[in-house]
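Me: Please take a close look at the nonpolar parts of this model, beginning with what lies at the surface and then going inward. A connected account is enough.

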Amino acid sequence: MPFLRLAPSWLRRRVRSSEASLVLLAIAIGAGAGFLSVAQGAVARLLQHLLFTLDDEQRLSAAATLSWPAVLALPAGGLALAAFSWATRARRRRLVDAVEANALHGGRMSWSDSLVISGQTILSNGFGASVGLEAAYAQLGAGLASIAGGWLRLRRGDLRVLVGAGTGAAIAGAFGAPLAGAFYAFEIVIGAYTPAAIAPVAAAALTGVLVAQMLHAQPYIVDAVAGEAVLTHHYLVYAGLGAIAAGLGIVLMRAVAEMESLARRLPVRAAWRPVIGGVLLMPLALLTPQVLSAGHGALHLDLEYGLPLSFLAAIFIMKSAASVVSLGFGFRGGLFFASLFLGSLLGHIYAGLIAWGAGAPVIDPQNAALVGMAAFAVAVVGGPMTMAMMVLEATHDFSLAGAAIAASLVTTTIVRETFGYSFSTWRLHLRGETIKSARDVGWMRTLTAGRMMRRVERATPDRTTIAEFRRAFPLGATSRVVLVDDQDHYAGIVQTASAYVDGLDPAEAVGTLAIHRDHALLPDANVKAVMSAFDAADADEIAVVGADRDVLGLLSEPYVRRRYAEELDKAQRELFGEH
């Protein structure tokens, strides 16, 4: 079968040299991502219907009540998740999601890790934990794209675009919203709007929706009708809603981190924490099933009926608590749809309180719920245009979408200024990463001191006399010499010219002329840390040393800045598709 052996090479050349071929590949990835989204959603819903004995078309969060035996599924889900994680050894390795892959690893992902994340999310959602399936959809869509791109050995920039396209197609297929899926890819996964990414991402998102429709999947998008017309002064009122959503979104993200910290301090092994989380969710589930799962059914229910503000506020508090407990105690999933649900509740409450204070309705509660949905989701997930497009595709009302954009921009400005992270990047920050978006910074990690340094084969002992030093290093031979002490540890740098200054004692040890004794770099320091070290030391050259202070090489500031500029230019060209 010689053709099959040649096919990858032929395809690789074709895709690398043709934008049209990359678009066709994105369409294929979009079809696969749409199918995987439908399949994952079907499995999770089947679990919920079996475990909670729901009617055929009923959503878990829209159920009227649940019995005691039914809510036992929550701790049972913790057991199932613990068994699954043990069987797949998920606790022993670090699982990489689409955002981290595109930001730090050039779009490279593991298919096995993606299957593990998907399985954990499906189990968590299927057994009723207050988490959404969007993490699973995005993971398999991105994983499929990454594997295909790796098989074809695509360039770093093309692979990142393809991963974004796979993720966008998965979200678009699940929600039946191609615009929202495409903007999700741009804002959340790729980290920028670029000409090179528009066609592949848009084509993949449209394909994902078409495949989901062909499979007769019920989309998750909110089926809503806009209320009264949005007037100009309403934008100011909705801006206030955006500010409140920003504050509450930050509180929710910090609460998850605090709950995780509390759970780690419990004298219980990590694998058993979801079981405890399931037990804690039981009383909330008995009070109202609206706190369970992602909240699709509850969102439609609460939008359809005019419920008292006190009831909506109670649901808001309980749903927030359920999400915090679920994620804090180790259930896998995200806050994408939960933030949409919470935002709709917040918008309803906000409109009601303004009407109560003013003595008459000021903004339409239905409109406020949809704008609040977008604003709160922006605070937690990020992506102002993503959420605005979701409102547009749900209502087909451009004026309401404009209000959602206004509120979302207020939200994202406040969150970026006071907090700086979305939920996905906040969790990476808690693990020690410094990224604040999916913008590609992985190349900075490969540009390390060890890779850029000029090797020093033999350092000079610091006890060498100045006379001996002059004989070994005549003026003009070298500008700087690295010194070591009696234990061959780094002892500073001598500028050759400083040893020829008049008035020096030739018998004096050259070590007395050493500078930068306390400034050195480890070989794995990235370029950002290297440039910061140069600024802190006010040095032109800094030594690179090993863990035991043995000298490895020497690094000059002009060379580092030139390499940084070259890599930055390369990254910019890849971003805009200029190969």
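Reply: A residue counts as buried under 20% relative accessible area, as exposed over 50%, and as partly exposed in between. This matters for Leu115, which is partly exposed because its relative accessibility is 41%. The model is a predicted one.

Leu115 belongs to helix H6, which covers residues 111-126. Together with Trp111 and Ile147, Leu115 makes up a nonpolar patch on the surface, and the three have about 240 Å² of accessible area together.

Going inward, the largest nonpolar core has 135 residues, and the members that touch the most others are Phe175, Tyr238 and Leu340. Helix H16 (residues 365-381) supplies the largest share of this core, 13 residues. For Tyr238, neighbours within four places in sequence are left aside; the remaining contacts are Val230, Ile363, Asp364, Asn367, Ala368, Val371, Ala403 and Ala407. Another core lies apart from the largest one and has 17 residues, including Leu447, Met453, Leu521 and Leu555.

A sheet can be added to this picture. Three strands form an open sheet in the order E2-E3-E4, and their pairing is mixed. Strand E2 (460-461) and strand E4 (490-495) are the edge strands, each pairing on one side only. Between E2 and strand E3 (residues 480-484) the pairing is parallel, over two bridges. Within this sheet, Pro461 stands opposite Val484 of E3.

Methods: Residues numbered from 1 in each chain as written. Predicted model: local features only at pLDDT ≥ 70, side-chain atom pairs only at ≥ 80, totals over all residues. Heavy atoms only, no water. Patch = residues over 30% accessible without salt bridge, like charges linked within 9 Å, V, L, I, M, F, W, Y side chains within 5 Å. Areas by Shrake-Rupley, 256 points an atom, 1.4 Å probe, with all protein chains shown as cover. Salt bridge = Lys/Arg side-chain N within 4 Å of Asp/Glu carboxyl O. Helix = DSSP H or I, 4+ residues; strand = E, 2+ residues; numbered from the N terminus. Buried < 20%, exposed > 50% of the residue type's maximum accessible area, 1.4 Å probe, protein only. Core = buried A, V, L, I, M, F, W, Y, C linked by side-chain atoms within 4.5 Å. Contact = heavy atoms within 4.5 Å. Pairing = 2+ DSSP bridges.
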